Structures are given as C-alpha cells and as structure tokens.
Amino acid sequence: MSDDKRPAKAKAGGRAAAGKSTPAPPAAPPRQQTLKFRTDNLKSSYCNMANVTSTREEVVLNFGVNQNWDQPGAAPGPLEVDVQHRVILSPFAAKRLSDALGQLVRDYEQRYGPLG
C-alpha cells in the first residue's frame, strides 16, 4: 500500500478542500398549515345506534336511530333500526378515528366521571 499524496479534488467554484466544511444554510422555519372546516353542506342528525363492519380494504360505520331503545316492555321480536348514515373509511383513517375517540372519552371521564 502506498501513501496517496495527490492534491485534494477541487470543489464547486474551483476551491480545493482544506479540511473545513461549509456551514449548511439555515433551515427554513416550519410552515404553519391551517385547517378550515367548510360547513356549507353540513347536516346534523341524532343517532343512538352505531354498527361497525370491515373488510381488508375498508371499515364501514353505520349510524341510525333505534326508536325502541328505552322501551323495556316492547314486544319480543326483531328490533328495527332506521339506518340514516353510512361512513366508509380506510383502515388507516379508522385507526386515527379510534385514537381520537379514545382520547375524547378519557378527557370526558376525567372531567365528568367514569362512563358505564
């Protein structure tokens, strides 16, 4: 093995490397992103029933109203639920929704006490 005595290669601009590194330019400050909710087409409705199903590709949330939920003496037989809304999510969006709902329930219980 021989010692390499060749001069350092020139950097851009024609200067030779002298063992000093050029300081990196200061990083740009992080860009603030704002979120604006458009509510022009928003419709609200009450739901007291939710049903969840899934496939490998999607999670389906059904929301509706069970008119018999508070009638313990109702005639035996099938309950009818008026399904009013269906929301279809990717599994990733469903996970984020699950995390957000979990945090919401923890905050609620901390303020108002445990739920059933």
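1. R38–D40 pair. In this predicted model, a salt bridge joins the side chains of R38 and D40, with an N to O distance of 3.3 Å. R38 has a relative accessibility of 68% and counts as exposed. D40, at 60% relative accessibility, counts as exposed too. Both ends of this salt bridge are therefore exposed, since each value is over 50%.

2. D99–K95 pair. The structure holds 2 salt bridges, and another entry to check is the one between D99 and K95, at 3.9 Å from N to O. The cut-off for a salt bridge is 4 Å, and the 3.9 Å of this pair is within it. D99 and K95 both belong to helix α1, which covers residues 91–112. They are 4 residues apart, or about one turn of the helix. K95 is exposed, with a relative accessible area of 53%. D99 counts as partly exposed because its relative accessibility is 43%, a value between the limits of 20% and 50%.

3. Nonpolar core. The largest nonpolar core has 5 residues in all: V59, L61, L89, A93 and A94. At least two residues of this core come from β2 (59–66), and at least two from α1. Helix α1 thus appears both here and in the D99–K95 salt bridge.

4. Surface patch. Which residues form a nonpolar patch on the surface? They are L97, L101, L104, V105, Y108, Y112 and L115, with about 670 Å² of accessible area together. L101, one of these residues, lies in helix α1. Its relative accessible area is 45%, so L101 is classed as partly exposed. That value is over the 30% required of a patch member.

5. Confidence by chain and element. The mean pLDDT of the protein chain is 84, and 76% of the residues score at least 70. The highest confidence in the chain is in α1, at 98. The lowest is given for strand β3 (residues 81–89), at a mean of 95. The lowest-to-highest comparison is worth reading beside the chain average of 84, as the values for β3 and α1 are 95 and 98.

6. Low-confidence segment. Over residues 9–17, pLDDT stays under 50. The model has 9 contacts beyond four places in sequence for this segment. Where pLDDT is low, the predicted coordinates should not be read in detail.

Notes
Residues numbered from 1 in each chain as written. Predicted model: local features only at pLDDT ≥ 70, side-chain atom pairs only at ≥ 80, totals over all residues. Heavy atoms only, no water. Buried < 20%, exposed > 50% of the residue type's maximum accessible area, 1.4 Å probe, protein only. Core = buried A, V, L, I, M, F, W, Y, C linked by side-chain atoms within 4.5 Å. Patch = residues over 30% accessible without salt bridge, like charges linked within 9 Å, V, L, I, M, F, W, Y side chains within 5 Å. Areas by Shrake-Rupley, 256 points an atom, 1.4 Å probe, with all protein chains shown as cover. pLDDT = per-residue confidence, 0-100. Contact = heavy atoms within 4.5 Å.
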